[in-house]
Amino acid sequence: MNIIVLPLVSSSSQQHVKSIDSIADKKDSIHKVSHKLMFEIRLHGFLLWASMGFLMPVGILAIRMSNRQECGTRLKILFYVHVVSQILSLLISTAGAVMSVKNFNNSFNNHHQRLGLALYGIIWLQALTGVLRPCRGSKGRSGWFFAHWLLGTAISILGIINIYTGLRAYHEKTSRSIKPWTIVLTAEISLIAFVYLFQDKWLYIQKQGLILGDESVTPKQQDSSSTEKQKESSSEKC
């Protein structure tokens, strides 16, 4: 009976030791990765945030603000801000892609890597559509504008999503907390979305008479002033 029990005890103790060793190996691997690739991972994340999380939205806000401008210097400035920010975004994201291929294990077994690969292709396609922009008034201008807008919107949304998945991957790689970065990124994206949506309402607010020059005028005052002007003109005719 003792002969039977002893092998069972020894096998269970060996399994327990193996499990402890595997946990220790995982901790050691995380420690090694955090020392070996920490700089590359952080630089990769910073480059992709600067591209997808900052320059790309700034370019979109600039071209959206230019829609309110008829012509002049301000329209040209906003257009060039859009172009320069998108070119810089393309170059920075390409640098991040090169760094990813060179330094990281790209097995494409997670959402971050797969989405990143798709984004790199869409970004260069968007750049190609920007170069092949037809002149205003041409037949293909409407189709080009829709395709350019659709690709830009898709890149912005997918890029922001991929930043969040990248933060998650960073946490899994290094066991570092990502809560502060998630809060800062969410606040930034919320502010950009607010400015983007508020631009349509700004002209509407101005038309409502809430902001006219330096003085605030209500719609009732506008109606009363218009009726007074009609009375004066009618009296003059009489």
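Colleague: Let's start with H44. In which helix is the place of H44?
Modeller: Happy to help, and keep in mind that this is a predicted model. The stretch to look for covers residues 38-66, and H44 falls within it. So the place of H44, going by the DSSP runs numbered from the N terminus, is helix α2.

Colleague: Does H44 count as buried or exposed?
Modeller: The cut-off for buried is under 20% relative accessible area. H44 has 11% relative accessibility. Among the residues it touches, leaving out those up to four places away in sequence, are G96, M99, F104 and Y120. Since 11% is under the cut-off, H44 counts as buried.

Colleague: M56 has its place in helix α2 too. What is the relative accessible area of M56?
Modeller: M56 touches S51, Q86, S89, I155 and S156, setting aside residues up to four places away in sequence. M56 is buried, because its relative accessible area comes to 6%.

Colleague: How far apart in space are M56 and S89, C-alpha to C-alpha?
Modeller: Along the sequence, 33 residues separate M56 and S89. S89 is also one of the residues that M56 touches. From C-alpha to C-alpha, the distance between M56 and S89 is 6.2 Å.

Colleague: Now V83, please. What separation do the C-alpha atoms of V83 and I63 have?
Modeller: V83 is found in helix α3, which covers residues 73-103. V83 counts as partly exposed, because its relative accessibility is 27%. V83 and I63 are 20 residues apart along the chain, and their C-alpha atoms are separated by 8.9 Å.

Colleague: How much accessible area does the nonpolar patch with V84 have together?
Modeller: V84 is found in helix α3, and it counts as partly exposed because its relative accessibility is 45%. Its partners in the surface patch are I87, L88 and L91. Together, the residues of this nonpolar patch have an accessible area of about 350 Å².

Colleague: Which residues does Q113 touch, not counting those up to four places away in sequence?
Modeller: Q113 lies in helix α4, residues 111-131. Q113 is buried, because its relative accessible area is 17%. Beyond the residues up to four places away in sequence, Q113 touches N105, N106, S107 and F108.

Colleague: Which side chain meets that of R168 in a salt bridge?
Modeller: Side chains of opposite charge can pair when their charged atoms come close. The N to O distance in this salt bridge is 3.6 Å, and the count for the model comes to one salt bridge. The two residues both lie in helix α5, four residues apart, or about one turn of the helix. The partner of R168 is E172.

Colleague: How is E172 classed, buried or exposed?
Modeller: The cut-off for exposed is over 50% relative accessible area. R168 has 47% relative accessibility, so R168 counts as partly exposed. With 55% relative accessibility, E172 counts as exposed.

Colleague: What value is phi of S175 near?
Modeller: Most residues other than glycine have a negative phi. S175 is found in the loop between α5 (141-174) and α6 (179-207), and it counts as partly exposed because its relative accessibility is 49%. Phi of S175 is positive, near 60°.

Colleague: Let's step back to the whole protein chain. How many helices are there?
Modeller: The chain has zero strands. From the N terminus on, its elements run α-α-α-α-α-α-α. The number of helices is seven.

Colleague: At which residues does UniProt place the feature "transmembrane region"?
Modeller: The UniProt entry is unreviewed. In the model, residues 77-101 are 100% helix, with end C-alpha atoms 36 Å apart, and residues 113-132 are 95% helix, with end C-alpha atoms 29 Å apart. UniProt places the feature at residues 43-65, 77-101, 113-132, 144-166 and 178-198.

Colleague: Last one! What is the mean pLDDT of the protein chain?
Modeller: Where pLDDT is low, the predicted coordinates should not be read in detail. Residues 1-13 stay under 50 and have zero contacts beyond four places in sequence. Over residues 228-238 the pLDDT is also below 50, with zero contacts beyond near neighbours in sequence. In the protein chain, 70% of residues reach 70 or more, and the mean pLDDT is 76.

How values were computed. Residues are numbered from 1 along each chain as its sequence is written. This is a predicted model: local features need pLDDT of at least 70, side-chain atom pairs count only at pLDDT 80 or more; totals for chains, interfaces and linings use all residues. Side-chain values use heavy atoms; hydrogens and water are left out. UniProt positions are given in the numbering used here, feature names are shortened, and annotations may be inferred rather than shown by experiment. Buried means under 20% relative accessible area, exposed over 50%, partly exposed in between (1.4 Å probe, protein chains only). pLDDT is the predictor's confidence in each residue, from 0 to 100. Contact means heavy atoms within 4.5 Å. A salt bridge is a side-chain nitrogen of Lys or Arg within 4 Å of a carboxyl oxygen of Asp or Glu. Patches are made of residues with over 30% relative accessible area and no salt bridge: like charges are joined within 9 Å, nonpolar side chains (Val, Leu, Ile, Met, Phe, Trp, Tyr) within 5 Å. Accessible areas come from the Shrake-Rupley method with a 1.4 Å probe; for residues, only the protein chains shown count as cover.
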